[in-house]
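This note offers comments on the model shown here, arranged as numbered points. It takes up a small sheet, some backbone features and the contact between the chains.

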Amino acid sequence: VQESFGNQSFRMERKTIDLEQGWDYMQTGITKLKRILEGLPEPQFDSEQYMMLYTTIYNMCTQKPPHDYSQQLYDKYREAFEEYINSTVLPALKEKHDEYMLRELVKRWSNHKVMVRWLSRFFYYLDRYFIARRSLPPLNEVGLTCFRDRVYNELHSKVKDAVIALVDKEREGEQIDRALLKNVLDIYVEIGMGQMERYEVDFESFMLLDSASYYSRKASSWIQEDSCPDYMLKSEECLKKERERVAHYLHSSSEPKLVEKVQHELLVVYANQLLEKEHSGCRALLRDDKVDDLSRMYRLYHKIAKGLEPVANIFKQHVTAEGNALVQQAEDTATNQAANTASVQEQVLIRKVIELHDKYMVYVVECFQNHTLFHKALKEAFEIFCNKTVAGSSSAELLATFCDNILKKGGSEKLSDEAIEDTLEKVVKLLAYISDKDLFAEFYRKKLARRLLFDRSANDDHERSILTKLKQQCGGQFTSKMEGMVTDLTLARENQTSFEEYLGNNPAANPGIDLTVTVLTTGFWPSYKSFDINLPSEMVKCVEVFKGFYETKTKHRKLTWIYSLGTCHLNGKFDHKPIELVVSTYQAAVLLLFNTTDKLSYNDILTQLNLSHEDLVRLLHSLSCARYKILVKEPSTKTVSQTDSFEFNAKFTDRMRRIKIPLPPVDERKKVVEDVDKDRRYAIDAAIVRIMKSRKVLGHQQLVSECVEQLSRMFKPDIKAIKKRMEDLITRDYLERDKENANMFRYLA
Amino acid sequence: MPRTASKTTKKRSKPYTVTSSDTDPVPSASSKTKKSSKENDEKYKLFNKYANTSSGVIDPEGIEKLCSKLKVSHTDIKILMLAWKMKSERQGYFTKAEWRRALKALKVDTTKKLKKALPELEEQVRKPLNFADFYAYAFRYCLTDERQNCIDIETICQLLDMVLGSTFRDQVDHFVDYLKIQNDYKVITMDQWMGFYRFCNEISFPDMTNYSLELAWPLILDNFFEWMREKQA
């Protein structure tokens, strides 16, 4: 309704309205309004009535002093509410309780808002000018403040109790009137007039306390009675219900606070008891592969600060225990059984470790949603047991042997290419957990050499594939030598072709026998001891011829012959039938002696060949005491002794036309470990010098920790070893101790 | 991948020397010009009493003679202190210049006076600042070769006893026991030698509660510490 009245120029003299008179008139309107609110039969205001009421106020406010009654009307406006509240509203509320009281309150509040709306419309003119001039609260606020001060302040505590009682009732499973609660709580919010303080202080804080103690009670009995999975199910359900509660009638800002309280009482307070429950706790769930329950556990504890740490810890312990058990199993089998079956067990161990890794990686990705804590737990668990020794072999060696078994001929021919690739992939991943990576590299290199040189490699593609994977994981430096070895073989084949061409073009250069030479680049291949064996003359000629050829290609390289790696094919002219013998060069050297003499003593052979006792015994054993007895030993005891004598066994025969006489390989483990130790000493030296050169002055602890870090990619250096190298560097004048502080070191340029 | 030795071995500097004169008491009042050649003659006369006439230095035999005159054993620390005072470079030999240096510093010119001066010399050397220098000197003195930079265990044991035996009896006894039974080291370096001195001064013994394996103690002392702990258990 516009106050157009005021704008029209009315020539009529307005009659002054007296305060009492005017107020009496207003009272009629107020009374009518009250009657409507009370639900009494009363027609609604029509526009004329409304206009009159409004105009009355307007006139009384715009009259000339002393008849401008703005202040008085402002006060009377407030008094109208106070009167109504005191006489009618408050008594009505006070006589009711519990749910009934709540309903009454909702009704009275709703009424009050209507009353405020209407009255403030009647008195609107005050809002336009008066309140601003006097900096007074606007009519709306005055009206609401009356309710707050007179009704709300009186009753909010009682109301809060009633609400909480209903909430708890609902928690116990009974149906309650959610809409009612929503309306009641809306009052708390609205009465704050823009601030949430009333809701928070007068209701929420109590509700939270009550909820906490409610769940505390529940938790204390559930934790005794229920299994871990059941308890978790209940907890999950409770949290879901509480969230629904918020959605239906609590204010949304209560959600995080309520959830935190419930979580705290159900999951934080009893975390330890829950997770460590004897037969159903985290450990048991892992043991029994209860994937769903573990996923639930993750979901529940994920949102709690540091909640996942104990779970991850138990996971780590479990995986470590399983890994340790596998290692122990292999260790026990190895001690109980013979040597060759034991090594099979060790290979079985690697397979099992891979399976273990696959299994628990699935857990990490699925149950534990790829969370870093669990990735870390898995990694640390594997690092613990993957570095244990089994029956004297380090894990590095076991892994290298495992690779060798897959890659060599007769190793894994039953597996498909994909299966092999997959296994190689997993093996490389396992390497990440092994701290002595340099030891693995050395064993791998030695076995690779054997595969390449004796043509025992099953598949070139697989060989290259694993090198690529190793390179990706450990860097180019790790695989550079191995790659060099593979390349060498390719070059060697080309070289052999050139050699044969050379022989074709130079009839004078005739080795006399078919000769294949493989030239290796020294730096790439493992170091081999080469003995100065006295070669048979036939072989000496071969060496000369090849040297001649090689010098036509280059004069800048030195050739060192490694006879221990050579293979010879001999024709054995036995009585029954000739048989081709495939032997090592050394074995051939021994056998060829018998071309000129029938019988030779151990010492004869020793002198003629110029070998060590250890090597000669090995050779003679393989030829006279093993499966194929090409030589007859006198006396025919099981082992070779220095007093024995040997004779060519003309009676020897076999159903095959060609037989391979194996020479059991020397145990390379000791040499590998020695070589790696030596390389490590150099590596530590280099790291210390590198660090000190750049830092110039550094404290002991820092130097040690930086050293460890730099070297960690290849191995875990022993602190004592680092100290020893440092002392050596002091003696060699690379470093000195600081004069003032003995724990500080200086680089000496 | 053997490392090529690219570093040239340096002539070892002697960082521990401290000029004897710095630690002497107030210099004599007599001016240098007044120092008569007569006094030097006395010193040389005394020198010649013990020196080997053909080599022109006091050799081990001469030192033995000197010791018996001084009524000290030739393994007495005071002789070593005398060597330190004169900055003697070669074990078992005193040159003329070295001899003169010592006698001048001690202000003596007869054997009798020298004998009297020895206890005072010892007192002086035992002062912490001097002793550290003396301790380092003792090690260098035992090196028989220009290129050598370490001393065998047996000699070290004797040297420790002589040099530290009176002040750190307990530590020396235990450490010497250890040195004799361990196999890690056959020789001791200067760093290890000085480390032990530091050990005696800084670490309470035999509890060694303030020792830590995390610090930069020489490895041989770490091993000694662990050995002691095992014994104490």
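1. Strand 4 and strand 5 of chain A pair in the antiparallel sense, and four bridges join them. The reader should bear in mind that the model is predicted. Within this pairing, Glu634(A) stands opposite Ser645(A) of strand 5.

2. Strand 5 of chain A, residues 645-648, also pairs with strand 3 of chain A, again in the antiparallel sense, here over three bridges. Ser645(A) in strand 5 has Ser601(A) opposite it. Further along this pairing, Glu647(A) of strand 5 is the bridge partner of Lys599(A). Ser645(A) thus stands opposite Glu634(A) as well as opposite Ser601(A).

3. Taken together, these three strands of chain A form an open antiparallel sheet in the order 3-5-4. Strand 3 (599-601) and strand 4 (631-634) are at the edges; each has a single partner strand, so one side of each lacks a neighbour in the sheet. From one strand to the next the twist averages 25 degrees. In general, the strands of a sheet pair through backbone hydrogen bonds, in either a parallel or an antiparallel arrangement.

4. Which helix packs on this sheet? Helix 25 of chain A, residues 613-624, does so and touches strand 4 and strand 5. The direction of helix 25 makes about 110 degrees with that of strand 4.

5. The end of strand 4 deserves separate attention. The peptide bond from Glu634(A) to Pro635(A) is cis, with omega near -5 degrees. Pro635(A) belongs to the loop between strand 4 and strand 5 of chain A, while Glu634(A) stands opposite Ser645(A) in strand 5.

6. Two further backbone features of chain A should be checked by eye. The peptide bond from Pro65(A) to Pro66(A) is cis, with omega near 5 degrees; Pro66(A) is in the loop between helix 2 (47-62) and helix 3 (70-94). Ser135(A), a residue other than glycine, has a positive phi, near 50 degrees, and lies in the loop between helix 5 (124-134) and helix 6 (139-171). As background, most peptide bonds are trans, and most residues other than glycine have a negative phi.

7. Turning to the interface, 24 residues of chain B are in contact with 20 residues of chain A. The area buried between the two chains is about 2,100 Å², and carbon and sulfur atoms give 48% of that area.

8. How many salt bridges does the rule find across the interface of chain B and chain A? There are three. One of them can be described in detail: the side chains of Asp191(B) and Arg737(A) meet at 2.7 Å, N to O. Between the chains, ten residue pairs are in polar contact, with both residues at pLDDT 80 or more.

9. On the side of chain B that touches chain A, the elements giving two or more residues are helix 9 (190-202) and helix 10 (219-232) of chain B. Helix 10 gives the most, with four residues. By residue class, this side of chain B divides into ten nonpolar, four polar and ten charged residues.

Definitions and conventions
Residues numbered from 1 in each chain as written. Chains lettered and ligands numbered in written order. Predicted model: local features only at pLDDT ≥ 70, side-chain atom pairs only at ≥ 80, totals over all residues. Heavy atoms only, no water. Contact = heavy atoms within 4.5 Å. Buried area = accessible area lost by both parts, 1.4 Å probe. Salt bridge = Lys/Arg side-chain N within 4 Å of Asp/Glu carboxyl O. Polar contact = N/O pair within 3.5 Å; in protein donor to acceptor, adjacent residues only side chain to side chain. Nonpolar A, V, L, I, M, F, W, Y, C, P; charged D, E, K, R; others polar. Pairing = 2+ DSSP bridges. Axes fitted to C-alpha atoms, helices over the stretch in contact; angles between N-to-C directions.
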